[in-house]
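Subject: A structure for you to look at

Hello,

Here is the structure I promised to pass on, with my notes below it. Have a look at it first, then read on.

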Amino acid sequence: MCPHGYSAYGRFVSDRVFDVLRCELIPFADAVELQGTGESLIYGKFFDFLKLVTESKCKVTLITNASLLNKEILVALCKAGSDIVVSIDAAESSLYSQIRRGGDLSTVLGNLEYWKYIRHSIYNKASLGINMVLCSLNAFKIIEMIDLAEKLNADYLFISEIRQCTLDDANWKRLNIEELRRSEEFQEYVRKVIEYAHRKKVRVQFNFQKRMKAIDVKRNICVSPWEHIYISVDGDVSLCCALSQKFGNLNEISFSEIWNSELLNDFRKKMATGHYCSDCLACCLPWGITHC
Ligand SMILES: C[S@@+](CC[C@H](N)C(=O)[O-])C[C@H]1O[C@@H](n2cnc3c(N)ncnc32)[C@H](O)[C@@H]1O
Ligand code: SF4
């Protein structure tokens with residue numbers, strides 16, 4: 001399902017990149033978000049990584065399918081005050097497996113069982129969010145997800161619209177909800193959902209795609225070129241998950257060379273003078289230039 005998932009899977013962060021994270025980045029970072037393509041819990045050094053970030057008192061956000069989540073990992077994440085975001089696209093097993101091929105909802109729910117016991121314990125700084133991606137298959141299954149979020153004691157349900165994730169046009173036509181979400185039937189359903197969530201006291205947030213125009217620029221500067229770094233599993237360095245431009249690879253050159261490179265300084269200059277790239281103009285991230 002992943003929007004960035006056109007490339008091959010089954011790779012892990014190299015030891016060299018792990019060392020850069022350990023020595024040069026994590027000790028100075030305020031927050032780390034484990035997201036993007038892939039699944040962090042299959043990484044063999046996940047615990048070493050978690051130890052590193054907790055020792056550095058760095059805030060961790062983990063986005064996971066929770067298939068490999070267990071009691072030990074949950075406790076470690078909770079102790080670190082992490083934001084745990086679990087991707088669940090349907091509250092019913094067969095629909096879940098239809099959307100998340102190879103996934104098993106009962107395994108995921110079993111793995112999250114322990115959360116309820118630690119939720120209000122001493123680790124009360126951690127949070128659990130549910131990430132639901134809406135496509136044509138589950139667009140009218142949000143009410144069931146609100147019930148599930150309530151049952152799991154989740155802090156919120158975040159509902160976002162599917163972004164193009166396949167080069168197969170016929171499949172994309174079948175899955176996307178661009179037209180559906182403009183229909184009166186769906187808008188009426190969303191009103192019902194909001195009312196139901198309110199009654200159930202479940203926090204729900206929607207993130208529908210906007211049709212971006214240059215005029216949608218709402219702020220002049222995004223902090224990413226100065227404050228963020230986005231590292232892919234291959235060691236490619238960018239600034240955020242919405243930007244396709246790469247500024248270098250940590251397997252080949254040092255972080256300081258990349259951070260102080262002409263390429264990155266040029267990007268900063270362009271951002272500072274209002275010469276935005278197409279990714280920035282279509283950015284869906286809350287701190288990006290298209291958000292208030
Ligand atoms: C790419 S996944 C990777 C992390 C992890 N393996 C997981 O499944 O949560 C990160 C988030 O992006 C969402 N996602 C995946 N494909 C998407 C798509 N085509 N459009 C919008 N969101 C998508 C997932 O539901 C998940 O919450
Ligand atoms: S505006 Fe969006 S795409 Fe551009 S650098 Fe900022 S967060 Fe990334």
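Two strands count as paired here if DSSP finds at least two bridges between them. Strand 4 and strand 5 satisfy that, pairing in the parallel sense over 6 bridges. Please keep in mind that this is a predicted model.

**The sheet as a whole**

The two strands belong to an open sheet of 6 strands, arranged in the order 1-2-3-4-5-6 with parallel pairing. Strand 1 (31-34) and strand 6 (204-207) are at the edges and have a single partner strand each, so one side of each is left without a neighbour in the sheet. On average, and ignoring direction, neighbouring strands of this sheet are turned by 15° against each other. As background, strands of a sheet pair through backbone hydrogen bonds, either parallel or antiparallel.

**Starting at strand 1**

Strand 1 has two faces: V32 and L34 are on the covered one, while A31 and E33 are on the uncovered one. This fits a general pattern, in which the side chains of a regular strand alternate between the two faces of the sheet.

Strand 1 pairs with strand 2 (residues 59-64) in the parallel sense, over 4 bridges. The bridge partner of A31 in strand 2 is K59. To get from strand 1 to strand 2 the chain passes through helix 2 (residues 46-55), and this β-α-β crossover is right-handed.

K59 is a good residue to click on. K59 and A31 are 28 residues apart in sequence, but their C-alpha atoms are 4.4 Å apart in space. Leaving out residues up to four places away in sequence, K59 touches D30, A31 and G81. Is K59 buried, exposed or partly exposed? A residue needs 20 or more other C-beta atoms within 10 Å to be buried and 12 or fewer to be exposed; K59 has 17, so K59 is partly exposed.

**The middle of the sheet**

Strand 3 (residues 83-87) and strand 4 (residues 127-134) also pair in the parallel sense, over 5 bridges. Two of the residue pairs you can look up are V86, whose bridge partner in strand 4 is I130, and S87, whose bridge partner in strand 4 is N131.

On the strand 5 side, the bridge partner of G129 is Y156. Here the chain crosses from strand 4 through helix 7 to strand 5, and this β-α-β crossover is right-handed. Helix 7 (residues 142-151) packs on the sheet and touches strand 4, strand 5 (156-161) and strand 6. The direction of helix 7 makes about 150° with that of strand 5.

I159 lies in strand 5. With 23 other C-beta atoms within 10 Å, I159 is buried. Its contacts, not counting residues up to four places away in sequence, are M132, L134, I142, V204, Q205, F206 and N207.

**Two loop residues with positive phi**

Most residues other than glycine have a negative phi. Which residue in the loop between helix 2 and strand 2 should you look at? That would be K57, which has a positive phi of about 55° although it is not a glycine. K57 is exposed, with 10 other C-beta atoms within 10 Å.

N153 has a positive phi as well, near 60°, and is not a glycine either. N153 is found in the loop between helix 7 and strand 5. With 13 other C-beta atoms within 10 Å, N153 is partly exposed.

**Around ligand 2**

Which residues are around ligand 2? They are C222, S224, L239, C240, A242, L243, D279, C280, C283, L285, G288 and I289. By class, this shell has 9 nonpolar, 2 polar and 1 charged residues.

C240, one of these residues, sits in the loop between strand 8 (237-238) and helix 11 (255-259). C240 is partly exposed, with 18 other C-beta atoms within 10 Å. Setting aside neighbours within four places in sequence, C240 is in contact with S224, H228, Y230 and L285. S224 and L285 also appear in the list of residues around ligand 2. C240 and I289 are 49 residues apart in sequence, and the distance between their C-alpha atoms is 13 Å.

Enjoy exploring!

Best wishes

How values were computed: Residues are numbered from 1 along each chain as its sequence is written. Chains are lettered from A and ligands numbered from 1 in the order in which they are written. This is a predicted model: local features need pLDDT of at least 70, side-chain atom pairs count only at pLDDT 80 or more; totals for chains, interfaces and linings use all residues. A residue is near a molecule or strand if its C-beta atom, placed from the backbone, lies within 6 Å of it. Ala, Val, Leu, Ile, Met, Phe, Trp, Tyr, Cys and Pro count as nonpolar, Asp, Glu, Lys and Arg as charged, and the others, Gly among them, as polar. Axes are lines fitted to C-alpha atoms, for helices over the stretch in contact, and angles run from 0 to 180 degrees between N-to-C directions. Two residues are in contact if their C-beta atoms, placed from the backbone, lie within 7 Å. A crossover is right-handed if, with the strands pointing away from the viewer, the path from the first strand over the helix to the second runs clockwise.
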